[in-house]
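Take a moment with the chain as a whole before zooming in. The walk below goes from global figures to one strand, its partners, and a few individual residues.

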Amino acid sequence: MKNRIVRFATPGIDEDIQPKENDVPKTNKEVRPQDDLYEYVNGEFIKNAKIPADHSSVGGFITLRDNVEKTMLKEFKSLARGRKSDDPLVDKAVLLYRKAMEEDDKKRMGLPYVQKKLAYLDGLKNLDDVVSYLPYLYDNEYDLPFQIGVDVDMKDTSHHVVMITSPSIILPDTTYYQNDAGKKLLSVFQDMAEKVLAFFYEEKKAKKIVKEALRFDKVLSTLVKSQEELADYIKSYNPYDVEKLVSQMAPLKMRSFLRVRYGVLPKKVIVAEPRYFENFSQVLNEKTVPLYLSWAKLNCALSFAPLLSEELRLLAGTYSRALSGQKKSSNKEKYAYRLANSYFGEPVGIYYGKKYFGEEAKNDVIQIVKDLIETYKSRLSKNTWLSEATRKKAVVKLDKMVLKIGYPEKPNPRYYHLSFNPESSLAEIVDTLDIEENRYADSLLTKDVDRTLWVMDAHLVNACYNPSYNDITFPAAILQAPFYDIHQKKEENYGGIGTVIGHEISHAFDNNGAQMDEFGNIHNWWTKKDYETFREKTKAMIEEFDNLPLEGGKVNGKLVVSENIADNGGVASSLETMERNITKPDYPAFFLNYARIWCTKARPERTRLLLTIDVHAPCYYRADMQVRNFPQFYKAFSVKEGDKMYLPEDKRVIIW
């Protein structure tokens, strides 16, 4: 169920990647780049592309992701037939893939195991029962009315700390509970949940469990943070003296629970959502225990359902498909691969990187990264609104930034702790892996943080900045056209991977990263005046994007501000790096490829969902709004006042 891996110092993860160059059609001649750059570059693709039934979008990072997945599916098929990978961890992944492929609809081998899991919850009747068996519930992967785990201490990033937060709610955001779209989604969820539970309980009992679970979810929805609040992740760092937390969660006797879990009673616990725990007595009391237990039963059944049969897998995905607009579920083979990948992703990524990633490309990209960091230093030296003291601190942070390109030399030690009996049912295997993963994560509490670990697998089409490590990661899979190709024009590479690299560097200085030092610790390294100026510039970025219209809603400027600051810095630093390295740069090539990397066609449901939960601006505006801030764009296409892409100089925002 994987319900206890807690992350608050969330990296700036960017799932906005683009199709291969050969997949991109010619420009849309019905539109001028002076009026709509994104439509000019991507309009023909968007008009003609068909979204596959098992997708909610096409183009963007999805196309590259699909190509990588096709490659690795071929590898898994070959390995499943008996070819060895020379890596026992990859062989385990293939074994799990093969087990998922072999699961028999008729036999439903895992059904007795899941029935036993549910029967345990059926045996709990009151609050005393929950308190008495709380350690067992935690150890055996049952959902609790809180999530707890071990993570990096954001004020002392060389050490780990216990962190606690609220459980997940059914709808994607608290705001959904107040609108018609949310009501419709809850109706879909309820219908699906009742049908799934009917495989485990008689119909009347199943409906009662679902009804009570929805009541419990409603309580949670009034107390948890919204996506907008979660985007300001520094505010998730709230150190509590353990006795304060024990007092707020009095019904659960947390002192004893924590001591049993970690062998010692932690002196402090980081509370991500103070409001939730201040009101914990509303969540769990004698009256709400039946609701909580029904909620836990439903979560248990829904988690295991896809592992029991193809029929249940398809049924249990109904709500997710309604949420994204996806017409049908992915096939069994993709599901089996993704399941195996979810447990052995890093070893699989290393396998991919070693076989498909070239050293020539790696060295070239490393040089681009170093050039961009030097550009950043140069831009800081010319900065007119920062004091010398703050500039020096910013340069120190750049000097300490760690680069992770391609794939790691060796996998995270946690993978060597994962084992399973291939003769067991798929449900039992997955439960065992979850238990082992979380047991290992808990063991890290008393160990120093290993900064060499990667937070992304090499076969992910993605990139990130990790604020707690002050490092940037570019997996092998993103280093493809149009982002990067050693044979395409350098200006295109700067408009592609260059802006992405600059984006990730800029996360060190976005509204969250700016509050952390060169070691990733929350620490104010700004003068008061400089930080006030930075906040004013941040407000200008919020205003530039706030309420921009899109099908299904409007952009929330506060939700997307950190990524917009990063986009803005990415374009600025990549442009200047290009200008330093190319005597007469081809500016149109830069901006055309920049617009191309955001090409995406999505279903309306997916678009509405992302407007609510995604910390990135919509792809359309990432292309069209950002470029308007830069004089080079006006030069590239002779943009003049009266053109739709024209933005008055006093409205343009460049922060870094």
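A residue counts as buried when its relative accessible area is under 20%, and as exposed when that area is over 50%. By that rule, 61% of the 656 residues of the protein chain are buried. Keep in mind that this is a predicted model.

Start with the overall dimensions. The C-alpha trace spans about 75 × 55 × 50 Å along its principal axes. What radius of gyration does the protein chain have, and what would a compact globule have? The chain has 25 Å, which agrees with the value near 26 Å for a compact globule of 656 residues. Contacts add a further view. Among those in the protein chain with a separation of 6 or more, 77% join residues 24 or more positions apart.

Next, the surface and the charges. The accessible surface of the protein chain is about 27300 Å². Carbon and sulfur atoms hold 50% of that area. The protein chain carries 96 positive and 95 negative charges. Their mean positions lie 2 Å apart.

Now the secondary structure. The protein chain contains 27 helices and eleven strands. Pick out strand 8, residues 471-475. Five of its five residues are buried, so the rest of the structure largely encloses this strand. Which residues sit on each face of strand 8? Asp471, Thr473 and Pro475 lie on one side, with Ile472 and Phe474 on the other. All of these are buried, and both faces are covered.

Strand 8 has partners of both senses. Strand 6, residues 402-406, pairs with strand 8 in the parallel sense over five bridges. Here Leu403 stands opposite Ile472. Strand 7, residues 464-466, pairs with strand 8 in the antiparallel sense over three bridges. In that pairing, Tyr465 has Ile472 as its bridge partner. Ile472 thus appears opposite Leu403 and as the bridge partner of Tyr465.

Look at how strand 7 turns into strand 8. The two form a hairpin with four residues between the strands. Asn470 lies in this loop. Its phi is positive, about 50°, although Asn470 is not a glycine. Is Asn470 buried or exposed? Its relative accessibility is 0%, so Asn470 counts as buried.

Ser638 offers a second case of a positive phi. It also has a value of about 50° without being a glycine. Ser638 sits in the segment after helix 27, which covers 631-637. Its relative accessibility is 44%, so Ser638 counts as partly exposed.

Return to strand 8 and follow the chain onward. A loop connects this strand to helix 21 (490-506), and Pro482 is placed there. The peptide bond from Ala481 to Pro482 is cis, with omega near 5°.

Finish at Val365, in helix 18, residues 359-381. Val365 has 0% relative accessibility and therefore counts as buried. Which residues does Val365 contact, leaving aside its neighbours within four places in sequence? They are Ile405, Leu479, Tyr484 and Ile501. Ile405 falls within the range of strand 6, residues 402-406. Ile501 falls within the range of helix 21 (490-506). One more distance is worth checking in the viewer. The C-alpha atoms of Val365 and Asn493 are separated by 9.6 Å, while the two residues are 128 apart along the chain.

Note on methods
Residues numbered from 1 in each chain as written. Predicted model: local features only at pLDDT ≥ 70, side-chain atom pairs only at ≥ 80, totals over all residues. Heavy atoms only, no water. Rg over C-alpha atoms; globule rule 2.2 N^0.38 Å. Buried < 20%, exposed > 50% of the residue type's maximum accessible area, 1.4 Å probe, protein only. Contact = heavy atoms within 4.5 Å. Areas by Shrake-Rupley, 256 points an atom, 1.4 Å probe, with all protein chains shown as cover. Lys, Arg positive; Asp, Glu negative; His and termini not counted. Charge placed at Lys NZ, Arg CZ, Asp CG, Glu CD. Pairing = 2+ DSSP bridges.
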